[in-house]
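Hi everyone, thanks for coming along. I'd like to walk you through a structure that may be new to many of you, so please have a look at the screen.

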Amino acid sequence: MSEKPILQVQNLSVEFHTYAGTIKAIRDVSFDLNQGETLAIVGESGSGKSVTTHTLMGLNASNASISTGHIFYKGKDLLKFSEEEFEELRGGEVAMIFQDPMTSLDPTMKIGKQIMEVILLHDDDADDKSAASRALELMKQVGIPQAEEHFDDYPHEWSGGMRQRAVIAIALAGNPDILIADEPTTALDVTIQAQILHLMKKIQTEIDSSIIFITHDLGVVAGMADKVAVMYAGQIVEYGSTEEIFYNPQHPYTWGLLNSMPTTDLATTELASIPGTPPDLLNLPKGDPFAPRNQYALDIDYEEQPPFFQLSATHFAATWLLDKRAPKVTPPASILKRWHRWKQLASQGGLPKISKYGVAGQNKTAKDTASLRTDAKSAEKGDL
Ligand SMILES: Nc1ncnc2c1ncn2[C@@H]1O[C@H](COP(=O)(O)OP(=O)(O)O)[C@@H](O)[C@H]1O
Ligand SMILES: [Mg+2]
């Protein structure tokens, strides 16, 4: 993993123009992605995760406009790209995996052929024969059992988990530098989710690509991401290494997400969802949009947006609680335990590594085998 950013998103704001008014979908979003790194974007539904990545791919709806910002990919400003240049980029250097694999699969075309098409499109030296053998290799790489026999299957013949593997094979066929996965496991059952996450991680180490992984579930981030951007109401509210977000969280919204997540790394029994609902993006309230749901809100939260406070070279949080004039608050006991653990390990010189813990009920049960048709059955005999 090198430290040179391959992607830089700077102060990106996107609005949608509707009959009801202007929806401020994302505001002032900035992050970097280094080669070989995984960034997780986490937040509740409607927080702007998909809009952020759709903007990178030139995939926003026609009523969208970019009001501020820059996106540099290998030094080129993506916001100046033409539709043709975006088409070239998509499926090639930057590939996307959506929640529903059928978004990316053609139901009328054999799966092997769909992978071949991408290879033929992006590799000028490939012919039908070499593309077919590479497609087969990719099917094996993503763990399709008896790939030869299933090369000519149609998408409907496969289960959801296997279709998502096919989508990953298609994404890999363009040799992507960046793989964007937008809630790729949400539609799958927990065991299959773990298999797909495990597969993505394995492939990433093999091809040294960067990943942007979108999820509403902070639980899947452990063991997956190097760094995390927590989004609320279209803004990044906390940004840091995965260890910083899990062990030294500073934003009350991040506290809420952590408290509503079952974990194995700390003995936490209280689970609570964050009360209230996100704000109306058509009529954003004055001040911090999280204030009405924030039990730690200060008066100033209703008046003025908090700026980013920097906690380390890599850790930022936008909460007035970090202002030196703010009163000391006592966060939930589970968060205090996390802070305590962070201090303890930091003072011993070794910071905790999140990845080795995994997540209860997910990574533990992961086995990289499954049936093509029914996720629940095994494909030991290779028959469907
Ligand atoms: N084409 C559109 N027209 C109007 N509003 C949109 C459009 N696309 C997305 N939005 C709004 O932008 C906000 C962010 O959406 P999105 O990025 O999809 O959230 P999520 O975090 O769930 O992926 C939501 O309020 C959504 O309703
Ligand atoms: Mg989304």
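I'll take the sheets, then the ligand, then the helices.

One thing to keep in mind from the start: this is a predicted model.

Let's begin with the smaller topic on my list, the sheet built from S2, S1, S4 and S5. Those four strands form an open sheet in exactly that order, S2-S1-S4-S5, and the pairing is antiparallel. Which strands stand at its edges? They are S2 and S5, the latter covering 76-77; each has a single partner strand, so one side of each is left without a neighbour in the sheet.

Now look at the pair S1 and S2. They run antiparallel and are joined by ten bridges. If you want a place to put your finger, find Val-14, which stands opposite Ile-26 in S2. The link from S1 to S2 is a hairpin, and it goes through two residues. At the other end of the strand order, S4, residues 64-73, pairs with S5 through two bridges, again in the antiparallel sense. There, Phe-72 has Asp-77 of S5 as its bridge partner.

A general remark while we have strands on screen: in a regular strand, side chains alternate between the two faces of the sheet.

This sheet also has a helix on it. H1 lies across S1, S2 and S4, and its direction is at about 70 degrees to S2.

That brings us to the ligand, as some of these elements turn up again. How many residues are around ligand 1? There are 15, and the nearest are Phe-16, Ala-25, Ser-50, Val-51 and Ala-61. Strand S1 (5-18), strand S2 (21-34) and helix H1 (49-57) each give at least two residues to this shell. Which element supplies the largest share? That is H1, with three residues. Sorted by class, the shell has six nonpolar residues, eight polar ones and one charged.

Let's move on to the other sheet. Here eight strands form an open sheet, and the order is S6-S7-S8-S3-S9-S10-S12-S11, with mixed pairing. The edge positions belong to S6 (94-97) and S11 (309-310); each of them has a single partner strand, so one side of each is left without a neighbour in the sheet. Further in, S10, residues 235-241, and S12, residues 316-317, pair in the antiparallel sense over two bridges. Glu-238 is the residue that stands opposite Ala-317 in S12. Packed on this sheet is helix H9, residues 252-259, which touches S3 (38-42), S9 (227-232) and S10. The direction of H9 makes about 105 degrees with that of S9.

Now for the helices, and I'd suggest you follow H3 through the next few contacts. H3 covers residues 111-122 and packs with H6, residues 160-173, at an angle of about 20 degrees, the axes being 8 Å apart. That makes H3 roughly parallel to H6. The crossing is right-handed. On the H3 side we have Ile-111, Gln-114, Ile-115, Val-118 and Ile-119, and they meet Ala-166, Ala-169, Ile-170 and Ala-173 in H6. By class, this contact has eight nonpolar residues, one polar and no charged.

H3 has another partner, H4, residues 128-141. The axes of H3 and H4 come within 8 Å and cross at roughly 120 degrees, and H3 passes H4 in a right-handed crossing. From H3 the contact draws on Gly-112, Ile-115, Met-116, Ile-119 and Leu-120, while H4 brings seven names, including Ala-131, Arg-134 and Met-139. The contact of H3 with H4 divides into ten nonpolar, one polar and one charged residues.

Finally, go back to H6 and look at H7, residues 190-207. How do they run, parallel or antiparallel? Their axes come within 10 Å and cross at roughly 15 degrees, and H6 and H7 are therefore roughly parallel to each other. This crossing is right-handed. Gly-161, Gln-164, Arg-165, Ile-168 and Leu-172 in H6 meet Ile-192, Gln-195, Ile-196, Leu-199, Met-200 and Ile-203 in H7. Among these residues, seven are nonpolar, three polar and one charged.

That's my tour. Thanks for listening, and I'm happy to go back to any view.

Terms used
Residues are numbered from 1 along each chain as its sequence is written. Chains are lettered from A and ligands numbered from 1 in the order in which they are written. This is a predicted model: local features need pLDDT of at least 70, side-chain atom pairs count only at pLDDT 80 or more; totals for chains, interfaces and linings use all residues. Axes are lines fitted to C-alpha atoms, for helices over the stretch in contact, and angles run from 0 to 180 degrees between N-to-C directions. Angles under 35 degrees count as roughly parallel, over 145 as roughly antiparallel, 65 to 115 as roughly perpendicular and the rest as oblique. A crossing is left-handed if the near helix is turned anticlockwise from the far one by less than a right angle, and right-handed if clockwise. Two residues are in contact if their C-beta atoms, placed from the backbone, lie within 7 Å. Ala, Val, Leu, Ile, Met, Phe, Trp, Tyr, Cys and Pro count as nonpolar, Asp, Glu, Lys and Arg as charged, and the others, Gly among them, as polar. A residue is near a molecule or strand if its C-beta atom, placed from the backbone, lies within 6 Å of it. Two strands pair if DSSP finds at least two bridges between them.
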